[in-house]
There are 2 protein chains.
Amino acid sequence: MSTETPTIGRPRAFDEEAVLDRAAEVFWRHGYEGASMTALTSAMGINRPSLYATFGSKEQLFERAFARYRETQLANVRAALDRPTAYAAIEAFLRSSADGLTAGDHPLGCLSIQGGLACSPENARISEVLAAGRAANEAVVEERLSRAAREGDLPPGVDHRALARFVMALSEGFAVHAASGTSREDLQASVNVALRALVPSQS
Amino acid sequence: MSTETPTIGRPRAFDEEAVLDRAAEVFWRHGYEGASMTALTSAMGINRPSLYATFGSKEQLFERAFARYRETQLANVRAALDRPTAYAAIEAFLRSSADGLTAGDHPLGCLSIQGGLACSPENARISEVLAAGRAANEAVVEERLSRAAREGDLPPGVDHRALARFVMALSEGFAVHAASGTSREDLQASVNVALRALVPSQS
DNA sequence: GACATTTTGTACCGCTCGGTTACGAAAGCT
DNA sequence: AGCTTTCGTAACCGAGCGGTACAAAATGTC
């Protein structure tokens, strides 16, 4: 592959990881199909032949960029869920979601959703890759809640799988909202509402 | 416009409303940019010149199709919210969402989201139209909850705007989930979880 | 029945885009 | 100097969108 660093020949004029992040931003903003090769190469600061020589194709470029995005996203999810109680874990997850979806250092919303929920039949694989990423996140949440269920750390009568799905769905809805301009504060206010579902007794 | 029925000349071989519904399904399944003119005309059962003569452009076709979709969607939302209490209204809204998003007579998920959250710069208007439709739905929910707040029909300390946003975000997340294959039963199980946020005292 | 009007089907054009390759120049190592 | 690799420019192909020309077909009107 192109991961090893060849010591011979003309060296690369760009950092592979850095241009992947630039590519991710373009996909994030315009979606897979809405991201033109011209926009991609322009944002990445490289020419088309360099892109094809390095990444192979638009689809492979997307997968590499998305994989990188997933790394940091997954790290954030795990960090948020690393709280002593289910309530604290869910709250941290939702609050960090709301913050991340409205951060200023990258496009609004979430690449897993902006990337392309619906695609032309030729690009159906893109939707599948994105859906798999979201499902993996949900699995991580569910695992945390499964532990909470074993520890008796969930309100009585709560199905932990349904709760994980609820939390993920809410986060996805926040992503949709954030992409259309809903503010961080407004999202956090809705987190407050959502957390009531986790309180066993009244507020 | 093309809405009046001319009594002279060769009559139309297709029903305008019917082909709009077919077009909506294609946009729903593949998104605006992923829907090729060939796929559209093929599904609509008409030829390209007929499409352009009747609807003007791909964008205008989408707006007409989306407007029709919105009509029935809005009617469903209003019908669901027409319940005596805020709790019953929200429950009906979420349950009918979960059902509608997984119905068998049309694509999975929701056109407002599948249509194109992110688009190329040329098609930015599409994303805006879709976002406006979602915002209109949220406004309807908020209006219902605003009434509930005036009637003292909400749990104490709940911001009705944040609650409306919470409900809409959850419904949007359900749409994302449904489009990637989550079953109706699984969505309804998460509705059960969400409704806990509306119960003032313990379960 | 002749005529005007409108739609239909087929074909075509211009343009852009995605995907890809060719080729010579440039930059490094041995 | 020679080898290797990358860079930048340029071009090519097929497909899609947008739009149109033209003749055939179908209807109402005179």
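Here are some notes on how the two protein chains sit against DNA strand C and against each other.

1. First things first: this is a predicted model. Please keep that in mind for each point below.

2. Start with the surroundings of DNA strand C. There are 23 residues around this strand, and the closest are A:S36, A:Y52, A:K58, B:N47 and B:P49. So you'll find both chain A and chain B in that list of closest residues. Sorted by class, the surface near DNA strand C has 10 nonpolar, eight polar and five charged residues.

3. Which helices should you look at here? Both α3 (48-55) of chain A and α3 (48-55) of chain B each give at least two residues to the surface near DNA strand C. The largest share comes from α3(A), with three residues.

4. Which part of the DNA does the protein meet? Take the atoms of DNA strand C that lie within 4 Å of the protein: 64% are sugar or phosphate atoms, and the rest belong to bases.

5. Now zoom in on single contacts. For a base contact, click on A:R48: one of its polar side-chain atoms lies 2.9 Å from a base nitrogen of DNA strand C. For phosphate contacts, try A:G56, where a backbone N or O atom is 3.4 Å from a phosphate oxygen of DNA strand C. On the other chain, B:A13 also uses a backbone N or O atom, this one 2.9 Å from a phosphate oxygen of DNA strand C.

6. There's a database record worth a look too. An unreviewed UniProt entry annotates residues 36-55 of chain A as "DNA-binding region". In the model, that span is 80% helix and 0% strand, and its end C-alpha atoms are 16 Å apart. A:S36 and A:Y52, two of the closest residues to DNA strand C, fall within the annotated stretch.

7. How are the two chains related? Rotate chain B by 180°, with 0.0 Å of shift along the axis, and it superposes on chain A with an RMSD of 0.0 Å. That's what a two-fold axis does. As for where they touch, 100% of the interface residues of chain B are also interface residues in chain A, so the copies meet through the same surface.

8. Finally, the aromatic rings. Searching the whole structure turns up 13 aromatic pairs over all chains. One of them is A:F166 with B:F166, an edge-to-face pair with 6.1 Å from centre to centre and 65° between the planes. This pair crosses between chains, running from helix α8 (residues 160-179) of chain A to helix α8 (residues 160-179) of chain B.

Conventions: Residues numbered from 1 in each chain as written. Chains lettered and ligands numbered in written order. Predicted model: local features only at pLDDT ≥ 70, side-chain atom pairs only at ≥ 80, totals over all residues. Heavy atoms only, no water. Polar contact = N/O pair within 3.5 Å; in protein donor to acceptor, adjacent residues only side chain to side chain. Helix = DSSP H or I, 4+ residues; strand = E, 2+ residues; numbered from the N terminus. Nonpolar A, V, L, I, M, F, W, Y, C, P; charged D, E, K, R; others polar. UniProt positions renumbered as here; feature names shortened; annotations may be inferred. Least-squares fit on C-alpha atoms with pLDDT ≥ 70 in both. Contact = heavy atoms within 4.5 Å. Phe/Tyr/Trp six-rings, centres within 6.5 Å; stacked < 30°, edge-to-face > 60°.
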